[in-house]
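Reader: Could you take a close look at the aromatic rings in this structure and walk me through how they pair?

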Amino acid sequence: MATLAEVISAIDAVDVRFPTSLSLDGSDAMNPEPDYSAAYVTIRTSAGDEGYGLAFTVGRGNDVEVAAVRALVPLVVGMPVADALADLGAFSRRLTGDSQLRWLGPDKGAIHMAAAAIVNAVWDLRARREGKPVWRLLAEMPPEDLVDLVDFRYLQDALTRDEALDILRRAEPGRAARQAELLESGFPAYTTTPGWLGYSPEKLAALAAEAVVDGFTQIKLKVGADLDEDIRRLRLARDVVGPDVRIAIDANQAWGVGQAIEWLRPLAEFDPYWIEEPTSPDDVLGHAAIRRAVAPIKVATGEHTHNAVMFKQLLQAEAIDVLQLDASRVAGVTENIAILLLAAKFGVPVCPHAGGVGLCEMVQHLSMFDFVAVSGTQTDRVIEYVDHLHEHFVDPVRIERGRYLAPLEPGLGARLHAESVAQYRFPDGPVWQRDAVVVA
């Protein structure tokens, strides 16, 4: 009797939200009271295997994100697992290229993030099948297989397939040594934990001092709501951490171009390392103008840059000094490979956006792959770290002496504990029923 081929049998999307607005964790100039949330995806196969992914949001928008994931489910359910895992480039394009759903982007917004959650879940499934963390799975792939994942259609004026192959082949001879180094000493981190805008001066000072003791050589503060308050907070932070610890600042898109330039002038006294998201994330030329005007302060952006084409333009226009990719803003691991190759071509360091729900767990794999198999360096590379919500993950990040330790467990790290999903499921989870929790 013939054996039936294994297929993707189901995709579950669950609305999981954490009431972080109650403690002002995550507060910034544009998101004063966020509830950190995730459209949490589980892919199931007919053989009983599972893969896990998510798209990070900040509250009510999670309704839309879960609906977007569910809209993509018919494109995937019933697909042979072997076909999906054998060509993850084609699998990604299957999700992002559907003509009717693509109209909602294309390649941006809720529908693109929904694709990211599913694509990441399939990468997680493949890594679990192979018994490897995703960073190692990628770092051990042949260059030819890696470039086959990339859709060069809109990128080849900036990065050709041959150039991408050359980048990966140049890095091949040192892969084993860098992998050993990564396993031995990890990857540099910086922390945003002290810097949320809603924190008191006392809390900021205590957390900044704690960060230095913990071995972090860079912290980040949120700015952009009140200039006088920004000056006071930066002066306080600089006094606490001293002159040798980098302080990055993040405006979360609060300013227009001219306003950003004017606002940063008095802040320059405190030697900010970079200004993150100084203006609209879509304004390539605006970022370039700000960069020219505020040097030597570096310009960083990327957590809201919605696809590889936008990153291509930011790089071509010399608009950024630091590229901050995100695990689930673009179409997951697959598109992020293209972005890492673009950054390597232009010589711009990648310092991923993290924090949120599960972003630290996922983006560490991208930076570690970049170090081992793409850029070959950790110089001026740091991964954001925020000490929130990691206890809800089966394989949480591990931080020692201000560095991410390389994950050893198979997968991408996005799997939540079943108990956490049950407790924080919105709107019927016990946490959202208890004491009449109000959604911000």
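Author: Happy to; here is a walk through the ring pairs and the charges that sit over rings.

This is a predicted model, where local features need pLDDT of at least 70, side-chain atom pairs count only at pLDDT 80 or more, and totals for chains, interfaces and linings use all residues. Residues are numbered from 1 along each chain as its sequence is written, and side-chain values use heavy atoms, leaving out hydrogens and water.

Searching the whole structure gives ten aromatic pairs. Rings of Phe, Tyr and Trp (its six-membered ring) pair if their centres lie within 6.5 Å; planes under 30 degrees apart are stacked, over 60 edge-to-face, and the rest tilted.

Take Tyr 190 and Trp 274: their ring centres are 5.3 Å apart and their planes stand at 90 degrees, so this pair is edge-to-face. It links distant parts of the chain, with Tyr 190 in strand S4 (residues 187–195) and Trp 274 in strand S7 (residues 272–276), 84 residues apart. Strands (E, at least two residues) and helices (H or I, at least four) are DSSP runs, numbered from the N terminus. Tyr 190 and Trp 274 are both buried, meaning under 20% relative accessible area, whereas exposed is over 50% and partly exposed lies in between (1.4 Å probe, protein chains only).

Phe 216 and Tyr 385 have ring centres 6.2 Å apart and planes at 10 degrees, so they are stacked. Phe 216 is buried at 7% relative accessible area, and Tyr 385 is buried at 10%.

Ring pairs also join Tyr 273 with Tyr 190 and Trp 274 in a cluster. Arg 246 lies over the face of Tyr 273, 3.9 Å from the ring centre; a charge sits over a ring if NZ of Lys or CZ of Arg is within 6 Å of the ring centre and within 35 degrees of the ring normal.
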